[in-house]
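Hi everyone, thanks for coming. Today I'd like to walk you through one protein chain, a piece at a time. Have a look at it first, and then we'll start.

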Amino acid sequence: DTMRRVVRQSKFRHVFGQAVKNDQCYDDIRVSRVTWDSSFCAVNPRFVAIIVDASGGGAFLVLPLHKTGRIDKSYPTVCGHTGPVLDIDWCPHNDQVIASGSEDCTVMVWQIPENGLTLSLTEPVVVLEGHSKRVGIVAWHPTARNVLLSAGCDNAIIIWNVGTGEALINLDDMHVDMIYNVSWNRNGSLICTASKDKKVRVIDPRKQEIVAEKEKTHEGARPMRAIFLADGNIFTTGFSRMSERQLALWNPKNMEEPIALHEMDTSNGVLLPFYDPDTNIIYLCGKGDSSIRYFEITDESPYVHYLNTFSSKEPQRGMGFMPKRGLDVNKCEIARFFKLHERKCEPIIMTVPRKSDLFQDDLYPDTAGPEAALEAEEWFEGKNADPLLISLKHGYIPGKNRDLKVVKKNILDNKPAGNKKSDLINAPKKAADASNPQNDAKLDEILKELKCIKDTISNQDERISKLEQQMAKIAD
């Protein structure tokens, strides 16, 4: 023990954070003022999306990354929700698809045109209706295509197959109090949740059972967060009974005692953890703080090692975190944040200074690529798969994304009663019954024709995909 180095060696000790110059910020944005503890910002290698203040509904901006500078007040938004947007999340398998959850109790999935918006987008690809209260959390499955999780203030978690627009799993009896956050594990076989009842739960969503739980993970009453790490452990942030901010590390196989527990400070902003599984670094951004602290997680005591703090003058309203494939490997960039101020979004770049210009493979192990490892149906049937990894040696070149198609079964046949859409379809019918049978026949005729057109479209879709496959074979 006497030989132990006082200073632990780590290649991330000297991570250097720097805000970009003013002309590389996104200016004049009215960042949402909703009181909700989500990050209000989501980024991927093509776009930055920011929840903004909108009169008479909910909206968010989607800007191509290069669209820096002052953003015109008339810049188009994504504005189909009738209540404020609370959370947004880019699909990990398609850089043009984003999901949003709103106070209007719905989740909407949007397809953004390849070069960004030229007109405001009001028509989502699909509307997912199933929550009875506002939806504050949306999170895509890390490895299965078109699987989306949403959690609402009705204390329910719903897992959707976006490709068919159906809710396939509804976990509505596991939480007795508000859900603060939900996190998938690395291969998407489990989720962990932090809730207002101070419990962290580990849930197998397909078996619909709680695998592990810990009461009073943090004693304080303020909001907690819990996220899965790559090795299956769980990292939590919360508050002590004395309202000090804490972070802790847990093994879900034995949640009696934390592996590590650290007190940080007495600020009251909720700590949002952002995790990089490739380097095992966690960045903590407190809402209302003006700093980002970062820690390295290792197998040796004290397990959570403080690395450094990036400080700036202005407090942050929210924060976006770029996936690894969107970073500049030539500059040894290991993380990029998009910090929201009251009226602008400011990128912050984290680099590990190196003298060599060569690709630093110790900083960039293979990382999760944009291809899904499973289809939605396979995952729902019980299959698991780790993310498909790609090398960043020659930088990441975005490929062409396929359009998100939603194959709707005939809505008229299987919507349960009491659903808005079926009420609309039945309403004219009821009125017609009262008036005359002629209208009835006419309605039936229209419905038949509708069904006929839908069948034709789906046949054509199949035909197109067959032809595409044939073309691909010939091309190969």
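Before we zoom in, here is one word you will need: when I say two residues are in contact, I mean that they have heavy atoms within 4.5 Å of each other. Please also keep in mind that this is a predicted model. The mean pLDDT of the chain is 90, and 92% of its residues reach 70 or more. Two stretches do fall lower. Residues 1-6 stay under 50, and the model gives them one contact beyond four places in sequence. For residues 411-435 the pLDDT is also below 50, and that stretch has 16 contacts beyond near neighbours in sequence.

Let's use our new word on a residue. Val107 sits in strand E10. Which residues does Val107 touch, if we skip those up to four places away in sequence? The list is His81, Ser100, Val126, Val127, Leu128, Val135, Val138, Leu148 and Ser150. Is Val107 buried or exposed? Its relative accessible area is 0%, so Val107 counts as buried. Here is a distance to go with that: the C-alpha atoms of Val107 and Ile137 are 9.4 Å apart, with 30 residues separating the two along the chain.

Now the sheet around Val107. As a reminder, the strands of a sheet pair through backbone hydrogen bonds, either parallel or antiparallel. Four strands make an open sheet here, in the order E8-E9-E10-E11, and the pairing is antiparallel. Strand E8 (85-90) and strand E11 (126-129) are at the edges with a single partner strand each, so each has one side without a neighbour in the sheet. From one strand to the next, the twist averages 20 degrees. Strand E10, residues 106-111, pairs with E11 over four bridges. In that pair, Val107 has Leu128 as its bridge partner, and Leu128 was also one of the contacts of Val107.

Next comes another open sheet of four strands, with the order E12-E13-E14-E15 and antiparallel pairing. Its edge strands, E12 (135-140) and E15 (166-171), each pair on one side only. The twist in this sheet averages 25 degrees from one strand to the next. Strand E14, residues 157-161, is joined to E15 by five bridges, and Trp160 has Ala167 in E15 as its bridge partner.

Let's also stop at a loop. Arg145 lies between E12 and strand E13 (147-152). With a relative accessible area of 13%, Arg145 is buried. Beyond its neighbours within four places in sequence, Arg145 is in contact with His93, Glu371, Ala372, Leu374, Glu375, Ala376 and Arg402.

How does this fit with the database record? In an unreviewed entry, UniProt places the feature "repeat: WD" at residues 78-120, 128-170 and 172-213. In the model, residues 128-170 are 0% helix and 56% strand, and the end C-alpha atoms are 13 Å apart. For residues 172-213 the figures are 0% helix and 50% strand, with 17 Å between the end C-alpha atoms. The unreviewed entry also lists a "coiled-coil region" at residues 443-470. That span is 100% helix and 0% strand in the model, and its end C-alpha atoms are 41 Å apart.

My next stop is strand E18, residues 200-204. Why is E18 described as largely enclosed by the rest of the structure? Five of its five residues are buried, so there is your reason. In a regular strand the side chains alternate between the two faces of the sheet. In E18, Val200, Val202 and Asp204 are on one side, Arg201 and Ile203 are on the other, and all are buried. Strand E17 (residues 191-195) pairs with E18 in the antiparallel sense over four bridges, with Thr193 opposite Arg201 as a bridge partner. These two strands form a hairpin with four residues between them, and Lys198 in the turn has a positive phi of about 70 degrees. On to strand E19 (residues 209-214): it runs antiparallel to E18, and five bridges join them.

Last topic: cysteines. How many disulfides does a search of the whole structure find? Zero. The sulfur of Cys25 has its closest cysteine sulfur 7.6 Å away, in Cys345, which is too far for a bond. Cys192 is in no disulfide either, and the nearest cysteine sulfur, in Cys285, is 18 Å away. Cys192 is buried, at 0% relative accessibility.

That's my tour. Thanks for listening!

Conventions:
Residues numbered from 1 in each chain as written. Predicted model: local features only at pLDDT ≥ 70, side-chain atom pairs only at ≥ 80, totals over all residues. Heavy atoms only, no water. UniProt positions renumbered as here; feature names shortened; annotations may be inferred. Pairing = 2+ DSSP bridges. Axes fitted to C-alpha atoms, helices over the stretch in contact; angles between N-to-C directions. Buried < 20%, exposed > 50% of the residue type's maximum accessible area, 1.4 Å probe, protein only. Disulfide = S-S within 2.5 Å. pLDDT = per-residue confidence, 0-100.
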